[in-house]
Amino acid sequence: TETYPSVKRDSKFKHLSSEDITFFQSILSQQELLLASDQDNLEFYNEDWMRKYKGQSSLVLRPKTVKKVSQILKYCNDNHIAVVPQGGNTGLVGGSVPVFDEVILSLNYLNQIRDFDPVSGILKCDAGVILENADQFLAEHGYIFPLDLGAKGSCHVGGVVATNAGGLRLLRYGSLHGSVLGLEVVLPNGAIVSSMHALRKDNTGYDLKQLFIGSEGTIGVITGVSILTPPRPNAFNVSFLALENFQAVQNVFVKAKKDLAEVLSAFEFMDSYSQDLTRKHLENINHPFEEEHPFYVLIETSGSNKEHDDAKLEAFLESVIEEGLVVDGVVAQDETEFRNLWQWRELIPESAQANGGVYKYDISLPLKDLYSLVEAANQRLEQLGILGDVPKPVIRAIGYGHVGDGNLHLNVAVREYSKQVEEALEPFIYEFISSKKGSISAEHGLGFQKKNYIGFTKTEPEIRLIKDLKHHYDPNGILNPYKYV
Ligand code: FAD
Ligand code: MLT
Ligand code: ZN
């Protein structure tokens with residue numbers, strides 16, 4: 001677990017007193033408040049999913065109403081008490097856990113569906129609804145949540161909006177900046193700003209909600225989300241392909257966009273190293289290919305007519321094999337195979353950190369340069385003599401991700417977290433990305449991990465504007481301090 005040697009607790013923040021606890025107890029039930037005496041329960045909220053970042057908060061507040069969120073924030077603001085908003089705690093940049101003793105404001109119990117309109121497909125729900133639950137609710141009405149990701153069983157609708165998560169089907173459904181229609185937000189001073197619109201079009205001045213989408217809990221707490229959801233496709237198909245090189249991955253992508261067109265719903269890639277780690281992690285399940293190949297692509301189609309989609313996919317596969325772009329391929333024959341094929345992609349994050357830990361880099365780069373970073377990282381780690389069998393700290397740098405969105409996940413799987421590895425990778429990786437005019441965070445945000453590196457993607461004037469906005473919304477700086485802004 002990372003300690004925080006590079007930052008100091010800000011003395012402007014008050015240490016919690018017994019009067020503070022008494023206040024919180026006066027507005028919250030026993031279930032809504034966890035204290036340090038509840039050590040076991042607190043541990044989950046203090047430590048992140050990667051077990052890399054860990055705070056020492058002694059208080060978790062889990063209000064069940066928006067009014068209580070407002071009362072909590074107003075009190076914390078008046079008393080200069082620092083607060084970390086927390087959703088499902090699946091964020092991957094150390095943004096969702098405290099750095100020191102910040103109060104954790106969990107949205108876990110604000111978890112009701114508020115309204116659904118089956119004509120427009122607009123869903124309104126509390127921020128703490130778990131993504132998978134929202135999607136299951138929508139499935140009953142013939143709709144689908146326009147975002148899907150491996151953490152769906154734990155992450156919150158509010159959490160993905162606060163992160164502006166991208167996920168596995170951005171290619172089809174676009175970014176949350178497009179599908180979110182309205183938000184309800186509580187500002188640090190306790191003001192509840194509700195713009196839970198159910199309107200696709202609204203040009204009455206600044207689009208304020210956009211500022212909160214991807215703000216990572218730094219300017220307000222999202223309590224409600226209104227989102228446009230598309231009809232659920234009734235035909236799904238997935239194929240898993242083996243390719244010889246990254247140029248072939250790009251060629252197959254271009255062809256898939258053209259030939260599969262409106263039914264293409266995901267285009268993911270994986271290198272052999274990522275599959276190697278996943279094979280070891282999922283010992284009892286057979287990989288789609290016995291032989292190893294340098295690259296794999298997972299293509300999902302979804303549409304309204306199975307026969308039509310199947311015919312399109314079949315013709316596409318025949319042609320990519322004939323053209324020599326793909327060396328082998330399988331297509332799921334039923335629901336079980338569909339899920340099994342997806343898991344070779346979705347379980348990479350879990351497999352990458354199963355041997356001790358993982359350094360994650362989530363990168364946007366021009367497609368032609370995308371994989372060169374993985375090669376450069378492995379080369380550097382080898383040159384430094386820190387990659388290899390035990391006792392070397394690094395197992396391997398692996399590459400996978402949403403290639404259809406120009407988004408690479410470079411993961412460096414390690415046996416344990418260490419300064420030596422971190423210094424080998426940073427700022428090396430950020431410099432590489434900057435030299436290719438990429439982004440140091442495609443979809444995971446900046447959080448704590450990348451707070452010192454924002455300048456590799458944003459310019460000075462942009463950073464100044466971000467700081468101005470932060471100061472405007474949160475003049476006392478109580479929301480998610482020590483993180484990226
Ligand atoms: P948390 O982790 O609790 O919080 C994330 C950030 O948002 C923190 O800064 C927190 O302070 C803030 N926050 C949370 N809730 C609120 C709120 N209601 N109001 C204000 N601020 C809030 N991401 C992708 O983009 N694409 C993927 O494909 C993807 N796959 C993943 C797969 C796995 C297995 C895992 C573990 C993570 C994955 N992620 C992915 C990371 C992704 O960022 C998170 O899963 C998700 O966005 C965070 O949701 P959460 O509810 O867990 O939020
Ligand atoms: C993914 O695409 O699997 C996620 O963003 C998580 C990760 O990067 O590990
Ligand atoms: Zn991702």
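In this predicted model, Tyr482 is located in the segment that follows α17 (460-473). The residue is not a glycine, yet its phi is positive, at about 75°. Tyr482 has 22 other C-beta atoms within 10 Å and is therefore buried, the threshold being 20 or more. A positive phi, of about 55°, also occurs at His80, likewise not a glycine. His80 belongs to the loop between α3 (66-78) and β3, and its 13 C-beta neighbours inside 10 Å make it partly exposed.

Strand β3 takes part in an open sheet of four strands, ordered β1-β2-β4-β3 with mixed pairing. Because β1 (33-35) and β3 are the edge strands and each has a single partner, one side of each lacks a neighbour in the sheet. From one strand to the next, the twist averages 20°. The pairing of β3 with β4 (residues 103-106) is parallel and extends over four bridges; Pro85 has Leu105 of β4 as its bridge partner.

Ligand 1 is surrounded by 37 residues, of which Gly87, Gly91, Gly95, Gly159 and Gly217 come nearest. Two or more residues of this shell are given by each of β3 (83-86), α5 (157-163) and β9 (221-228), with α5 providing the largest share, five residues. The shell comprises 16 nonpolar, 19 polar and two charged residues.

Cis peptide bonds were also identified in loops of the model. One joins Val390 and Pro391, with omega about 15°, and Pro391 lies between α14 (372-383) and β15 (394-402). Another joins Glu426 and Pro427, with omega about 10°; Pro427 is in the loop between α15 (419-425) and α16 (428-435).

Methods
Residues are numbered from 1 along each chain as its sequence is written. Chains are lettered from A and ligands numbered from 1 in the order in which they are written. This is a predicted model: local features need pLDDT of at least 70, side-chain atom pairs count only at pLDDT 80 or more; totals for chains, interfaces and linings use all residues. A residue is near a molecule or strand if its C-beta atom, placed from the backbone, lies within 6 Å of it. Ala, Val, Leu, Ile, Met, Phe, Trp, Tyr, Cys and Pro count as nonpolar, Asp, Glu, Lys and Arg as charged, and the others, Gly among them, as polar. Two strands pair if DSSP finds at least two bridges between them. Axes are lines fitted to C-alpha atoms, for helices over the stretch in contact, and angles run from 0 to 180 degrees between N-to-C directions. A residue is buried if 20 or more other C-beta atoms lie within 10 Å of its own, exposed if 12 or fewer, and partly exposed in between; C-beta atoms are placed from the backbone.
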